[in-house]
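Let's take a walk through this model together, from its overall make-up down to single residues. Have the viewer open as you read.

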Amino acid sequence: DLALRLGEFDGAEIDDLAALVRGVAGSAARFGEEELGRRAAALEQALRAGAPPEANARLAQALLRAAA
């Protein structure tokens with residue numbers, strides 16, 4: 001499960017993941033999926049801010065729930 005592995009990524013991979021999540025946030029906004037967009041933006045910000053892996057995992061799990 002990706003959310004549980006967030007602590008295993010290096011800096012470049014975190015940057016790539018943050019960019020990917022930013023794309024999800026943008027797509028969500030274009031399709032009117034406000035909650036999904038908010039969750040994606042929160043995860044992106046946490047990733048870029050260097051939040052602890054546990055916090056990133058919680059945000060990623062919330063994003064996945066919003067996408068379901």
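How are helix 2 and helix 3 oriented to each other, roughly parallel or roughly antiparallel? The model is a predicted one, and in it helix 2 (residues 11-30) packs against helix 3 (residues 34-49) at an angle of about 160°. Angles over 145 degrees count as roughly antiparallel, and therefore helix 2 and helix 3 are roughly antiparallel to each other. Their axes lie 8 Å apart, and the crossing of helix 2 past helix 3 is left-handed.

You can trace the residues that build this packing. On the side of helix 2 they are I14, D15, L17, A18, A19, V21, R22, V24, A25 and A28. On the side of helix 3 their partners are L36, G37, A40, A41, L43, E44, L47 and R48. Sorted by class, the contact of helix 2 with helix 3 holds 13 nonpolar, 1 polar and 4 charged residues.

Before going further, it helps to step back to the whole chain. There are 4 helices and 0 strands, so the order of elements from the N terminus reads α-α-α-α. Of the 68 residues in the chain, 31% are buried. Among contacts between residues at least 6 apart in sequence, 48% join residues at least 24 apart.

How far can you trust the coordinates? The average pLDDT of the chain is 89, and 90% of the residues score at least 70. Among the elements, helix 3 has the highest mean pLDDT, at 96, while helix 1 (residues 2-5) has the lowest, at 56. Where pLDDT is low, the predicted coordinates should not be read in detail.

Now follow the chain onward from helix 3. Helix 4 (residues 53-67) packs with helix 3 at an angle of about 160°, with the two axes 9 Å apart. Helix 3 and helix 4 are therefore roughly antiparallel to each other. The crossing of helix 3 and helix 4 is left-handed. Helix 3 brings E35, L36, R39, A40, A42, L43, A46 and L47 to the contact, and helix 4 brings N56, L59, A60, A62, L63, A66 and A67. By class, the contact of helix 3 with helix 4 divides into 12 nonpolar, 1 polar and 2 charged residues.

Two residues of helix 3 are worth a visit. L43 lies in helix 3. Is L43 buried or exposed? Residues under 20% relative accessible area count as buried, and L43 is buried because its relative accessibility is 3%. Leaving out residues up to four places away in sequence, L43 touches V21, N56, L59, A60 and L63. V21 is among the helix 2 residues that meet helix 3, whereas N56, L59, A60 and L63 are among the helix 4 residues in the contact with helix 3. L43 and L63 are 20 residues apart along the chain, with 7.8 Å between their C-alpha atoms.

E44 also lies in helix 3. With a relative accessibility of 9%, E44 counts as buried. Which residues does E44 contact, leaving aside its neighbours within four places in sequence? They are A18, V21 and R22, and these three names appear in the list of helix 2 residues that meet helix 3. From E44 to L59 the C-alpha to C-alpha distance is 9.3 Å, and the two are 15 residues apart in sequence.

Notes
Residues are numbered from 1 along each chain as its sequence is written. This is a predicted model: local features need pLDDT of at least 70, side-chain atom pairs count only at pLDDT 80 or more; totals for chains, interfaces and linings use all residues. Side-chain values use heavy atoms; hydrogens and water are left out. Axes are lines fitted to C-alpha atoms, for helices over the stretch in contact, and angles run from 0 to 180 degrees between N-to-C directions. Angles under 35 degrees count as roughly parallel, over 145 as roughly antiparallel, 65 to 115 as roughly perpendicular and the rest as oblique. A crossing is left-handed if the near helix is turned anticlockwise from the far one by less than a right angle, and right-handed if clockwise. Contact means heavy atoms within 4.5 Å. Ala, Val, Leu, Ile, Met, Phe, Trp, Tyr, Cys and Pro count as nonpolar, Asp, Glu, Lys and Arg as charged, and the others, Gly among them, as polar. pLDDT is the predictor's confidence in each residue, from 0 to 100. Buried means under 20% relative accessible area, exposed over 50%, partly exposed in between (1.4 Å probe, protein chains only).
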